[in-house]
Amino acid sequence: METVGTFFRKGLVAENTLFFQVVLPPDTGDRFEPGQYAHLEWASPDNPEEKGDGRDFSIASPPDEWPVLSFATRLTGSSFKKHLENAPDGTPLRVSGPYGEFTLPPGLETRKWNQPIVFIAGGIGITPFRSMLHHALGKFPSVPFFLFTTNRSVTSIPFLDELRGLARKHKNLFLDQIVSRTESPLPPDMESGILTPDRMFEAIGERARNGDYYIAGTPSLVSSFITALSGSHILPEKIHADPFFGYP
Ligand SMILES: Cc1cc2nc3c(=O)[nH]c(=O)nc-3n(C[C@H](O)[C@H](O)[C@H](O)COP(=O)(O)OP(=O)(O)OC[C@H]3O[C@@H](n4cnc5c(N)ncnc54)[C@H](O)[C@@H]3O)c2cc1C
């Protein structure tokens, strides 16, 4: 797909974290799979950038919201992001994609209770998982999903209330949200600390070895979890990575 959509700013979903949507023309083909990303580019930027006027963003909404695509991003003050903060609703935005193979494993219909799907979201790395969870939780109630999020602070957790609501509604979602900075008071069921494979395996139990592990976030976070999971004898074909290049 290569098309021009219409931009709508929807508001903040965490400190400094903007949620926005792009509405595609209704005749746009090429639907996407949850977990894939799109390349967004301002059709007429105020100050064209050397880095290019486009960025890759994971699609944060499920396919059944088509032709609306949702995205979330940390506001960094870059010229692209300033435009996201200031452009009026209705501004045209070029959209290409969908791209990427960071998608749910095949055969969810017949997947067993002892074959968990484990998501590890570093900060804004929650975006592809939001799409996957909205798509799959209700459709595949016998597949266990584990979502571990790591963020600096409670206020920086994107979609905090929404994720907690999903975990209340769907018994097949286990949610563990970890913050690295100690704050008081933390919401109930939330701890400060560091996410390690041991902590995940304790939550997942015996079935941990049968799981598929999906990691999204900054390249450094993704590579550190790949190393940690490989060191814990998770097979390479069970580890799926989505490094958000462009973040340090
Ligand atoms: C598959 C994928 C999915 C992503 N999904 C999201 C998402 O859902 N939300 C989100 O906020 N961000 C996402 N990103 C990162 C996003 O594309 C931007 O890079 C990031 O938001 C920083 O942009 P910026 O304008 O704030 O920073 P800037 O530093 O102004 O720009 C970053 C841009 O510089 C270039 N760049 C700089 N360093 C590198 C590098 N090491 N490797 C490659 N290119 C580099 C790229 O063009 C990049 O887009 C994703 C990236 C990828 C690859």
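I sorted the shell around the ligand by residue type: eight are nonpolar, six polar and six charged. Here Ala, Val, Leu, Ile, Met, Phe, Trp, Tyr, Cys and Pro count as nonpolar, Asp, Glu, Lys and Arg as charged, and the others, Gly among them, as polar. The model is predicted, with local features taken at pLDDT of at least 70, side-chain atom pairs at pLDDT 80 or more, and totals for chains, interfaces and linings over all residues. Residues are numbered from 1 along each chain as its sequence is written, and side-chain values use heavy atoms, without hydrogens and water.

I then listed the ligand's neighbours (a heavy atom within 4 Å). There are 20 residues around the ligand, with Asp56, Thr73, Thr76, Ser78 and Tyr247 the closest.

Next I looked up polar contacts to the ligand (N or O pairs within 3.5 Å). A backbone N or O atom of Ala72 sits 3.0 Å from a ligand nitrogen. The side chain of Thr76 places an N or O atom 2.5 Å from a ligand oxygen. For Tyr247, a polar side-chain atom is 2.7 Å from an oxygen of the ligand. The ligand alone exposes 940 Å², and the protein buries 75% of that (Shrake-Rupley method, 1.4 Å probe).

I checked which elements line the ligand (DSSP runs; helices H or I of at least four residues, strands E of at least two). β4 (54-58), β5 (68-74) and β12 (239-243) each give two or more residues to the shell. β4 gives the most, with four.

Last, I checked the domains, whose bounds come from an automatic or database assignment. Domain 1 (2-99) and domain 2 (108-243) both give residues to the shell, so the ligand lies between them.

Note on methods: A polar contact is a pair of N or O atoms within 3.5 Å; within protein, one must be able to donate a hydrogen and the other to accept it, and residues adjacent in sequence count only if both atoms are side-chain atoms.
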